[in-house]
Structure formats: C-alpha cells, structure tokens
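The report below describes how one protein chain is put together, moving from the whole chain to a single strand and a single helix.

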Amino acid sequence: MSDHKDVIIDRAHAFMLMGPVGAGKSTLFNALFERGSDVQKTQAVEYETDLGVDTPGEFFSHPRLYHALINTAADVGTLVYVHAADDFACRMPPGFLQIYPGKHLVVALTKTDLPEADPDRVEAL
C-alpha cells in the first residue's frame with residue numbers, strides 16, 4: 001500500500017496564469033502564494049496547492065507548445081492573462097479563448113510602475 005495520494009484539482013476554483021515571456025507571471029504567482037521574492041524559472045507547469053497553475057511564457061511564444069497550454073487550461077476554471085504594461089503587442093494565441101468559452105477570464109496588467117509603461121495603450125489591445 002502506498003502513502004502517495006492523487007492530487008485532485010478543484011477545477012471550479014483553480015486558476016491558471018498565462019502570458020508571454022517576461023510578463024511577470026512567476027513573480028505574481030510567488031506573491032499570491034507568499035513564496036518570497038525569488039522567482040523560480042521553470043520550463044514545466046508548476047502547480048501550487050490545488051488552486052493555481054503557473055505556466056511558462058514559452059507556451060505563448062512557440063506554436064509547437066500551444067497544445068500544452070490548451071491541455072493545462074482544461075484543468076482550471078479561471079484563466080488569468082498576465083500582460084506587462086510596457087509590451088504593446090497582444091500575444092494571445094489565435095483562437096485560444098474560443099476553445100474554452102465557459103472559462104472565466106481575468107487580465108492582470110503588470111509592470112505599470114515602469115517609465116515606459118502605457119496601461120491605456122495596452123488596454124486598447
């Protein structure tokens with residue numbers, strides 16, 4: 001008999017942070033779960049308790065990795081799109097939101113304190 005317990009994700013309350021490289025997903029993830037100021041960079045999906053998923057920005061950067069993003073999104077109820085206020089290009093994979101139309105979508109605008117940040121311009125994307 002094993003002491004290992006299967007991890008069960010409460011999909012209705014779980015969320016996934018997604019967005020391009022450098023958007024601040026891992027920093028936000030660490031802050032939400034009070035993990036300190038050190039950001040751990042990973043090329044794997046990282047689960048925290050049963051509530052949150054931090055995905056690598058490369059899932060957005062490389063179309064070959066879109067399937068990983070799509071599969072991970074199936075396990076959560078809320079998608080949190082993280083976008084830096086100094087990034088003036090929308091990097092959401094085309095058609096991604098149409099795959100899961102019933103998901104809650106939240107946008108987190110980061111890096112608004114930078115001198116080159118323009119939140120209004122980014123919001124217009």
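## Chain and central strand

Among contacts in the protein chain (heavy atoms within 4.5 Å) between residues at least 6 apart in sequence, 68% join residues at least 24 apart. The model is a predicted one, in which local features need pLDDT of at least 70 and side-chain atom pairs count only at pLDDT 80 or more, while totals for chains, interfaces and linings use all residues. Residues are numbered from 1 along each chain as its sequence is written, and side-chain values use heavy atoms, with hydrogens and water left out.

The chain has five helices and five strands, taken as DSSP runs (helices H or I, at least four residues; strands E, at least two) numbered from the N terminus, and their order along the sequence is β-α-β-β-α-α-β-α-β-α. Of the 125 residues, 38% are buried, meaning under 20% relative accessible area with a 1.4 Å probe, protein chains only.

In strand 4 (residues 78-84), seven of the seven residues are buried. Thr78, Val80, Val82 and Ala84 lie on one side and Leu79, Tyr81 and His83 on the other, so that both faces are covered. Strand 4 has these pairings, where a pair needs at least two DSSP bridges:

| Partner of strand 4 | Bridges | Direction | Opposite residues |
|---|---|---|---|
| Strand 1 (residues 15-18) | Four bridges | Parallel | Met18 and Tyr81 |
| Strand 5 (residues 104-110) | Seven bridges | Parallel | His104 and Thr78 |

In helix 1 (residues 25-32), Lys25, Ser26, Phe29 and Asn30 are buried. Seen down the helix axis, the buried residues of helix 1 fall within an arc of 130° (taken from the directions from the axis to the C-beta atoms), so they line one face. Just after helix 1, Glu34 has a positive phi of about 50°.

Note on methods:
Buried < 20%, exposed > 50% of the residue type's maximum accessible area, 1.4 Å probe, protein only.
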